[in-house]
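Me: Could you take one part of this model and walk me through it closely, with the cut-offs spelled out?

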Amino acid sequence: LETFIESNKMLDSVQKGLADYLETKRLAFSRFFFLSNDELLQILSQTKNPLAVQPHLRKCFEAIDALEFQDDLKITAMRSVE
């Protein structure tokens with residue numbers, strides 16, 4: 001029981017640390033407030049892969065549906081739904 005209580009306290013501490021970290025990212029880029037914690041973590045965990053942002057674009061930017069990339073992953077265009 002004591003091990004469980006300690007583990008629970010540690011989990012609470014980790015969750016608070018994660019929430020604080022995500023808050024700093026949201027304060028740095030306010031469009032991140034439109035994303036859930038899971039979505040933001042998915043983006044932040046794949047910073048080397050710009051294609052990972054695609055599923056979340058519409059939540060961050062209302063008029064952008066998708067990005068077009070060159071083979072070297074440079075963005076060449078932004079497409080809207082219209």
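Reply: Here's a close look at helix α2 and the side chains it meets. One caveat up front: this is a predicted model, so local features need pLDDT of at least 70 and side-chain atom pairs count only at pLDDT 80 or more, while totals for chains, interfaces and linings use all residues. Numbering runs from 1 along each chain as its sequence is written, and side-chain values use heavy atoms, with hydrogens and water left out.

Helix α2 covers residues 37–44; helices here are DSSP runs of H or I with at least four residues, numbered from the N terminus. Glu39 sits in this helix, and so does Gln42.

Take Glu39 to start with. Glu39 counts as buried because its relative accessibility is 15%; buried means under 20% relative accessible area, exposed over 50%, and partly exposed in between, using a 1.4 Å probe and protein chains only. Leaving aside residues up to four places away in sequence, Glu39 touches His56 and Lys59, where contact means heavy atoms within 4.5 Å. With Lys59 there's also a side-chain to side-chain polar contact at 2.6 Å. That term means a pair of N or O atoms within 3.5 Å; within protein, one must be able to donate a hydrogen and the other to accept it, and residues adjacent in sequence count only if both atoms are side-chain atoms.

Now Gln42. Its relative accessibility is 35%, so Gln42 counts as partly exposed. The Gln42 side chain makes a polar contact with the His56 side chain at 3.2 Å. Gln42 and Val53 are 11 residues apart along the chain, and their C-alpha atoms are separated by 8.6 Å.

Technical notes:
Helix = DSSP H or I, 4+ residues; strand = E, 2+ residues; numbered from the N terminus.
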